[in-house]
Amino acid sequence: MAVSVFDLFSIGIGPSSSHTVGPMRAARMFVHGLIADGLLDRTTRVRAELFGSLGATGHGHGSGPAVVLGLLGEEPETVDTDAAPDLVAQVRASGELPLARRRAVAFCERDDLVLHRRRTLPEHPNGMIFRAFDGATEIRARTYYSVGGGFVRGEDGCGSEEDHPVPHPFGSGDELLAHCAAAGVPISEVMRRNERTWRSDAEIDAGLLRIWDVMQECVRNGSHRTGVLPGGLAVRRRAAGIRARLEALERAHDPLDVLDWVSLFAIAVNEENASGGRVVTAPTNGAAGVVPAVLHYYRRFVPGASDDGVVRFLLTAGAIGSIIKRNASISGAEVGCQGEVGSACAMAAAGLTEVLGGTPEQAENAAEIGIEHHLGLTCDPVGGLVQIPCIERNAVAATKAIHAARLALQGTGDHVVSLDKAIRTMRDTGADMKVKYKETSRGGLAVNVVEC
């Protein structure tokens, strides 16, 4: 099963890829299924039920509004983030929901959008059931799972990644390195050759530079906006203040000012994400600040950095992300935050290592270091919001990714613990982790921090 780099880096809306982007996509899939089967004109009511982590923390993650937007036909990639709150407010005020903007049906959020806080569907913690009715008669029901990073899988397999033949198939770090050795190319080139089965080189480059443009816009927006983040915790935006202080410093004030800039980049992205802004899932929204922060570090502070390097960085990072997704998980609801921030750290570390001149073995080593030192990290958002500890966690992981790359570059690529073993350990750790530590806000900091 091949995963495209554009699946791991997709443009979406905050605050959560699994809780916001996934439900929006699932709702839209359901409505378009009604259209395809000729059932839309018969539909007089729809009902959405969210289970597991979606039900437990969906309120703080914006899952309800996301479902409404999806039923309206909106897509995470293109929805107007400024207009989205007004669209949802109109539905709530009118009591009518125009499905795909074609057919208005009665809609009462209290009855038709149910968040089950203590019930879980069998296949995944992020489960959803959508139903359509003709009067009192149910005419269609579909179950979907938001499996992390905005990926949506249906009960019948719809929405899942298809088997896609590629010239260099790999499902593990060892297999990826074997392809690199056999072809004498870096990780980014292996990934590019696989991507060519979907799109041309020009399309690959343009698409990845578009991703980079959105990352830069997100940092710009986040580092200039002030005020308080939504959600009730009264978390003040910090990025603008950090930017102002750094810009006021002397150029050679402190060598570690570079790390302050990296923290700024990550915090800016995650504050935008927490406020429902436009972000790039990398590989999730909760971990969206790590890769952009390390890429900004590369472009701003590494001599000779270029757009070509950005493309190679993202291709390399995508290769590592695809291995993690295949063999463990990138979903905080499934394995904890080690699967989100830990995966992003590993991806960024590998990408940076390649563009700094590292070998494939050194890049794999950097990814292993990045994920190894996030093992056991729980997902415990206070108030169910992607704010505490999520925003700072991205800043720490970004600096850790840079450190991992620099450590790997000091070695030959030979190391005792392989990336595959670290990923397997993350999977096993996630399986052993109690549910209360997996994005349910029932354990850890989520219950030990008094909400303001």
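## Two domains and a helix: worked exercises

The centres of domain 1 and domain 2, taken over C-alpha atoms, are 28 Å apart. Keep in mind that this is a predicted model.

**Exercise 1.** Work out which stretches of the chain form the two domains, and how much area they bury between them.

*Solution.* Start with the bounds: the domain assignment puts residues 5-154 in domain 1 and 173-437 in domain 2. Next, count who touches whom: 30 residues of domain 1 meet 42 residues of domain 2. Now for the area: about 2600 Å² gets buried between the two, with 64% of it on carbon and sulfur atoms. On the domain 1 side, Phe6, Leu8 and Phe9 supply 31% of the area buried against domain 2, more than any other three residues.

**Exercise 2.** Find the polar contacts and salt bridges between the domains, then list the elements domain 1 brings.

*Solution.* Salt bridges first: the count is zero. Polar contacts do turn up, in eleven residue pairs across the interface. As for elements, those giving two or more residues to this side of domain 1 are helices H1 (5-8), H2 (17-36) and H3 (52-61), plus strands S1 (10-13) and S7 (137-148).

**Exercise 3.** Decide how the buried residues of helix H7 are arranged around its axis.

*Solution.* Pick out the buried residues in H7 (173-183): Gly173, Leu176, Leu177, His179 and Cys180. Looking down the axis, they fall within an arc of 155 degrees, so they line one face of the helix. That buried set packs against helices H8 (187-195), H13 (307-327), H16 (360-372) and H18 (419-432). Flip to the face turned away, and you'll find exposed Ala181 and Ala182. Finally, step past the end of H7: Gly184 follows, with a positive phi near 65 degrees.

How values were computed: Residues are numbered from 1 along each chain as its sequence is written. This is a predicted model: local features need pLDDT of at least 70, side-chain atom pairs count only at pLDDT 80 or more; totals for chains, interfaces and linings use all residues. Side-chain values use heavy atoms; hydrogens and water are left out. Buried means under 20% relative accessible area, exposed over 50%, partly exposed in between (1.4 Å probe, protein chains only). Helices (H or I, at least four residues) and strands (E, at least two) are DSSP runs, numbered from the N terminus. The arc is that of the directions from the helix axis to the C-beta atoms. Contact means heavy atoms within 4.5 Å. Domain bounds come from an automatic or database domain assignment. Buried area is the accessible area (1.4 Å probe) that two parts lose on being put together, summed over both. A salt bridge is a side-chain nitrogen of Lys or Arg within 4 Å of a carboxyl oxygen of Asp or Glu. A polar contact is a pair of N or O atoms within 3.5 Å; within protein, one must be able to donate a hydrogen and the other to accept it, and residues adjacent in sequence count only if both atoms are side-chain atoms.
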